[in-house]
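Q: Please take a close look at how the strands of this structure are paired. I should then like to learn what lies around them, explained step by step for a student in the first year.

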Amino acid sequence: MSQATQIEQRTTEIISSPEAHTAPPALEVSGISKSFTHRRRETNVLNNVSLKVEQQEFVSIVGPSGCGKSTLFHMIGGLVKPDAGTIRMNGKIVTGQRGEISYMPQQPALFPWRTIEDNVLLAGEIKGALQDGAREEARQWLAKVGLNGFEQAYPHMLSGGMQQRAAFLRALLAPQELMLLDEPFSALDALTRSEMQRWLLELWEENRRSVLFITHNIEEALLLSNRIYVFSGRPGSILHTVDVPFPRPRRDEITDSPEFLKLKRQLSQWMREEQAKSEK
Ligand SMILES: Nc1ncnc2c1ncn2[C@@H]1O[C@H](COP(=O)(O)OP(=O)(O)O)[C@@H](O)[C@H]1O
Ligand SMILES: [Mg+2]
């Protein structure tokens, strides 16, 4: 065999081997534990949590309140240091580093002195000069989520749900590839919430980002996710991992299918059991 043929054969092997194609996960959390000490009392909040979000995957976390979900997000965002464990993004260790993610906190946290439009544009500004057309794009998005006419308003002039939509857009238009969404729809009424779910589903299917999503709403998690991690009560640990089998694009009709209802029942039961334990 000539050297050229050998090289060619080796190249083909490398290209066709599965490892060569698999990019590292967008996010990989390994063995994270965390305790807080408050007035000399130590609370163990998270215990040995490992999870991942593959490139362009939509992954949800459900679990009782107080089990450390928001704390986990703070650690992924580099705001809080874990006691143990590592966080990797695209294969690189980023434990304790900030600026790697686009984040929508549980409280909308808009800046009161900036208009809605300027709040939405904030992440792009922090990363550097605003791209041409960024302002126009922001206005189009504001209209899509029903905030047209409020571009120049200040946050205190908006209802809680409207502030949440603006905060959501700010995360969406941020340049980072990984989005962390902490109960983004919790302040919305049921009707707006289901509209926003449908909107997010379509948007994500068109323009896939890697997303880690916290929600209390099981139906929402099943409709949107590739995978769901079910957390135990405090200290939070992963009790169950559910791969959601429905093909994409997903439509609302799947929520009536027997398979959907079966998964919904199973997840609801796990959640009830955890809630009951934490109330004891
Ligand atoms: N900075 C902190 N100092 C002390 N305790 C904290 C801090 N942040 C969170 N906690 C505690 O950690 C626990 C988990 O909180 P959190 O992560 O907000 O839960 P979840 O988002 O699952 O409802 C709560 O008991 C909360 O009081
Ligand atoms: Mg929370």
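A: Two strands are said to pair if DSSP finds at least two bridges between them. In general, the strands of a sheet pair through backbone hydrogen bonds, and they do so in either a parallel or an antiparallel sense. The model considered here is a predicted one, and both senses can be followed in it.

The antiparallel case comes first. Strands E1 and E2 are joined by nine bridges and run antiparallel. Among the residues involved is Val29, whose bridge partner in E2 is Leu51. The two strands form a hairpin, with two residues between them. In the turn, Arg39 has a positive phi of about 45°. E1 also pairs with strand E4, which covers residues 84-89: four bridges join the two, again in the antiparallel sense. Here Ser30 of the chain stands opposite Thr86 in E4.

These pairings belong to one sheet. It is an open sheet of four strands in the order E2-E1-E4-E5, and its pairing is antiparallel. Its edge strands are E2 and E5 (92-93), each of which pairs on one side only.

The hairpin strands also reappear around ligand 1. The shell of residues surrounding this ligand includes Phe36, His38, Thr43 and Val45, and also Ser65, Gly66, Cys67, Gly68, Lys69, Ser70 and Thr71. Strand E1 (27-38), strand E2 (41-53) and helix H3 (69-76) are the elements that give two or more residues to this shell. H3 gives the most, namely three residues. By class, the shell holds three nonpolar residues, seven polar ones and one charged one.

The parallel case is found at strand E8, which covers residues 210-214. Strand E3 (residues 58-62) is joined to E8 by four bridges, and the two run parallel; Val59 stands opposite Leu212 in E8. Strand E7 (residues 178-182) also pairs with E8 in the parallel sense, over five bridges. In that pairing, Leu178 has Ser210 of E8 as its bridge partner.

How do the residues of E8 point? In a regular strand, the side chains alternate between the two faces of the sheet. In E8, Ser210, Leu212 and Ile214 point one way, while Val211 and Phe213 point the other way, and all are buried. Because five of the five residues of E8 are buried, this strand is largely enclosed by the rest of the structure.

Part of this enclosure can be seen from Leu181. Apart from residues up to four places away in sequence, Leu181 touches Met104, Ala171, Val211, Phe213 and Ile214. Leu181 and Phe213 are also among the residues with the most contacts inside the largest nonpolar core, together with Leu27, Ile76, Ala166, Ala171 and Leu180. That core has 60 residues. Its largest share, seven residues, comes from helix H7 (residues 160-172). The core draws at least three residues from each of domain 1 and domain 2.

Tyr103, in strand E6 (residues 102-104), offers a further view of these surroundings. Leaving aside neighbours within four places in sequence, Tyr103 is in contact with Phe73, Gly77, Ala171 and Leu180. Tyr103 and Ala171 are 68 residues apart in sequence, and their C-alpha atoms are 5.7 Å apart in space. Is Tyr103 buried or exposed? A residue is counted as buried if 20 or more other C-beta atoms lie within 10 Å of its own. Tyr103 has 24 C-beta neighbours inside 10 Å and therefore counts as buried.

Gln275, in helix H10 (residues 258-279), gives another result. Because Gln275 has 13 C-beta neighbours inside 10 Å, this residue counts as partly exposed. Gln275 and Val29 lie 246 residues apart along the chain, and their C-alpha atoms are separated by 25 Å.

Finally, the division of the chain places these parts in context. Domain 1 comprises 25-101 + 177-253 + 260-280, whereas domain 2 comprises 111-175. The centres of the two domains, taken over C-alpha atoms, are 25 Å apart. Seven residues of domain 1 are in contact with five residues of domain 2. On the side of domain 1 that touches domain 2, there are five nonpolar residues, one polar and one charged.

Definitions and conventions:
Residues are numbered from 1 along each chain as its sequence is written. Chains are lettered from A and ligands numbered from 1 in the order in which they are written. This is a predicted model: local features need pLDDT of at least 70, side-chain atom pairs count only at pLDDT 80 or more; totals for chains, interfaces and linings use all residues. Domain bounds come from an automatic or database domain assignment. Two residues are in contact if their C-beta atoms, placed from the backbone, lie within 7 Å. Ala, Val, Leu, Ile, Met, Phe, Trp, Tyr, Cys and Pro count as nonpolar, Asp, Glu, Lys and Arg as charged, and the others, Gly among them, as polar. A residue is near a molecule or strand if its C-beta atom, placed from the backbone, lies within 6 Å of it. A nonpolar core is a set of buried Ala, Val, Leu, Ile, Met, Phe, Trp, Tyr and Cys residues joined through C-beta atoms within 7 Å. A residue is buried if 20 or more other C-beta atoms lie within 10 Å of its own, exposed if 12 or fewer, and partly exposed in between; C-beta atoms are placed from the backbone.
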